[in-house]
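Trainee: Could you take me through one part of this protein slowly, and then show me how the rest is built around that part? I would like to follow it residue by residue.

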Amino acid sequence: MTENTGKPAAENPYTQFYVVKKGDSLSKIAEEFYGDKMLYPKIFEANRDQLTDPNRIKPGQKLRIP
């Protein structure tokens with residue numbers, strides 16, 4: 001898990017990135033990084049600049065993982 005510094009995800013040096021692969025979902029990515037698929041809204045909110053719907057991610061997108 002990453003440290004919360006209170007900075008936006010784009011400025012947070014602890015932010016990780018993940019490139020979406022075919023078959024991925026935000027809940028699957030949340031399970032991988034946080035151990036809890038229900039934390040997917042954290043990833044969605046950190047990527048609102050490129051995502052409009054948490055159910056619509058595309059392979060090749062580079063997502064911030066706060």
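Mentor: Happy to! Let's begin with Asn-47, which is buried, with a relative accessible area of 0%. Keep in mind as we go that this is a predicted model. Asn-47 belongs to the loop that runs between helix 2 and strand 2. Leave aside the neighbours within four places in sequence, and Asn-47 is in contact with Lys-62, Leu-63 and Arg-64. Take Leu-63 from that list: Asn-47 and Leu-63 are 16 residues apart along the chain, and their C-alpha atoms are separated by 6.4 Å.

Now step back to see where that loop fits. The protein has two helices and two strands, and along the sequence they follow the pattern β-α-α-β. Of its 66 residues, 30% are buried. Among contacts with a separation of 6 or more, 46% come from residues 24 or more positions apart. On the outside, the protein exposes about 4,500 Å², with carbon and sulfur atoms supplying 49% of it.

Leu-63, the contact of Asn-47, leads us inward. Leu-63 is a member of the largest nonpolar core, which has twelve residues: Tyr-18, Val-20, Leu-26, Ile-29, Ala-30, Tyr-34, Ile-43, Phe-44, Leu-51, Ile-57, Leu-63 and Ile-65. Helix 1, helix 2 and strand 2 each supply at least two residues of this core, and helix 1 gives the most, with four residues. As background, nonpolar side chains in soluble globular proteins tend to be buried together.

Let's look at helix 1, then, which covers residues 26-34. Its buried residues are Leu-26, Ile-29, Ala-30 and Tyr-34. These four sit on the same side of helix 1, because they cover an arc of only 100 degrees around the axis. That buried set packs against strand 1 (16-19), helix 2 (40-46) and strand 2 (62-65). Ile-29 is a good residue to click on here: not counting residues up to four places away in sequence, Ile-29 touches Tyr-18, Val-20, Asp-24, Ile-43, Ile-57, Leu-63 and Ile-65. So there is Leu-63 again, touched by Ile-29 and also in contact with Asn-47. Just after helix 1, Gly-35 takes a positive phi of about 80 degrees.

Tyr-18, another residue that Ile-29 touches, brings in the aromatic side of the story. The structure holds one aromatic pair. The partners are Tyr-18 and Phe-33, with ring centres 5.8 Å apart and planes at 85 degrees, so the pair is edge-to-face. Because Tyr-18 lies in strand 1 and Phe-33 in helix 1, the pair ties together parts that are 15 residues apart in sequence. The two partners are not covered alike: Tyr-18 counts as buried, at 7% relative accessibility, while Phe-33 counts as partly exposed, at 21%. The cut-off explains those labels, because buried means under 20% relative accessible area.

Finally, check two lysines. The charged end of Lys-42 sits over the ring of Tyr-34, 4.7 Å from its centre. Lys-62, which we met as a contact of Asn-47, has its charged end over the ring of Phe-17, 4.8 Å from the ring centre. That takes us back to our loop residue: Asn-47 is in contact with Lys-62, whose charged end sits over an aromatic ring, and with Leu-63, a member of the largest nonpolar core.

Note on methods. Residues are numbered from 1 along each chain as its sequence is written. This is a predicted model: local features need pLDDT of at least 70, side-chain atom pairs count only at pLDDT 80 or more; totals for chains, interfaces and linings use all residues. Side-chain values use heavy atoms; hydrogens and water are left out. Buried means under 20% relative accessible area, exposed over 50%, partly exposed in between (1.4 Å probe, protein chains only). The arc is that of the directions from the helix axis to the C-beta atoms. Contact means heavy atoms within 4.5 Å. Accessible areas come from the Shrake-Rupley method with a 1.4 Å probe; for residues, only the protein chains shown count as cover. Rings of Phe, Tyr and Trp (its six-membered ring) pair if their centres lie within 6.5 Å; planes under 30 degrees apart count as stacked, over 60 as edge-to-face and the rest as tilted. A charge sits over a ring if NZ of Lys or CZ of Arg is within 6 Å of the ring centre and within 35 degrees of the ring normal. A nonpolar core is a set of buried Ala, Val, Leu, Ile, Met, Phe, Trp, Tyr and Cys residues joined through side-chain atoms within 4.5 Å.
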